[in-house]
Amino acid sequence: MLESKKRMAQGFSELKLAVEKGKGDPQEVFDRFQQACQTFLAETTKLPEEPAQRFMALVAQLGDQVKTGNQEGILRAMEEIREMRKVCHETYNV
Ligand code: HEM
């Protein structure tokens, strides 16, 4: 598995913990997650440009919610990313 994907998956779980249980700083965890997403998109050969950009737009929306500290908004944005993950992983046989 790509190392960047491992960091993405880890960052996403950690963000949930930070938001729901106050473990760690959501902004710091989010910054690492976003960085891992960018690295992943640079490394993978399996993803066309259009879904890659749509994904990073969702990640940016999540970042906006993290910045304002809106817990409900963060969880909603994370749910949208989960839905896109499901569709993507089905589409690209991950
Ligand atoms: C937080 C959200 C996501 C997580 C935690 C996640 C996690 C993962 C993991 C663990 C793998 C590796 C599977 C394996 O090889 O065992 C993977 C692969 C992959 N994911 Fe995701 N994923 C997420 C979102 C997405 C989204 C939104 C897309 C599409 C835009 C996507 C596209 C892919 C592709 C194309 C691969 C194969 C990469 C390659 O082998 O080059 N993922 N993902």
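Student: Which residues of H2 meet which residues of H3?

Tutor: On the H2 side you'll find Pro26, Gln27, Phe30, Gln34, Cys37 and Leu41, and they meet Ala52, Met56, Val59, Leu62, Gly63 and Val66 of H3. By class, this contact divides into nine nonpolar residues, three polar and no charged. Keep in mind that you're looking at a predicted model.

Student: How do I read the way H2 and H3 cross, and at what angle?

Tutor: Start with the general idea: two packed helices are described by the angle between their axes and the distance between the axes. Here, the axes of H2 (residues 26–43) and H3 come within 10 Å and cross at roughly 170 degrees. That makes H2 roughly antiparallel to H3, since an angle over 145 degrees counts that way.

Student: OK, on to the ligand. How many residues surround it, and which are the closest?

Tutor: The shell has 19 residues around the ligand, and the closest are Ala9, Thr44, Phe55, Arg85 and Cys88. The elements giving two or more residues to that shell are helix H1 (3–21), helix H3 (49–68) and helix H4 (71–91).

Student: Which helix gives the largest share of the shell?

Tutor: That's H4, with five residues. As for chemistry, the shell around the ligand holds 13 nonpolar residues, three polar and three charged.

Student: What span should H4 have, and how far apart are its end C-alpha atoms?

Tutor: You work with 1.5 Å a residue, applied to one less than the number of residues. H4 has 21 residues, so it should span 30 Å, and its end C-alpha atoms are indeed 30 Å apart, which agrees.

Student: What happens to the backbone just after H4?

Tutor: Look at Asn93, in the segment after H4. Asn93 takes a positive phi of about 50 degrees, although it is not a glycine.

Student: Is Asn93 buried or exposed?

Tutor: Count the other C-beta atoms within 10 Å: 12 or fewer means exposed. Asn93 has 6, so it is exposed.

Student: Let me try that on Ala42. Where does it lie, and how many C-beta neighbours does it have?

Tutor: Ala42 lies in helix H2. With 9 C-beta neighbours inside 10 Å, Ala42 counts as exposed.

Student: What separates the C-alpha atoms of Ala42 and Ser4?

Tutor: In space, 9.7 Å; along the chain, the two are 38 residues apart.

Terms used:
Residues are numbered from 1 along each chain as its sequence is written. This is a predicted model: local features need pLDDT of at least 70, side-chain atom pairs count only at pLDDT 80 or more; totals for chains, interfaces and linings use all residues. A residue is near a molecule or strand if its C-beta atom, placed from the backbone, lies within 6 Å of it. Helices (H or I, at least four residues) and strands (E, at least two) are DSSP runs, numbered from the N terminus. Ala, Val, Leu, Ile, Met, Phe, Trp, Tyr, Cys and Pro count as nonpolar, Asp, Glu, Lys and Arg as charged, and the others, Gly among them, as polar. Axes are lines fitted to C-alpha atoms, for helices over the stretch in contact, and angles run from 0 to 180 degrees between N-to-C directions. Angles under 35 degrees count as roughly parallel, over 145 as roughly antiparallel, 65 to 115 as roughly perpendicular and the rest as oblique. Two residues are in contact if their C-beta atoms, placed from the backbone, lie within 7 Å. A residue is buried if 20 or more other C-beta atoms lie within 10 Å of its own, exposed if 12 or fewer, and partly exposed in between; C-beta atoms are placed from the backbone.
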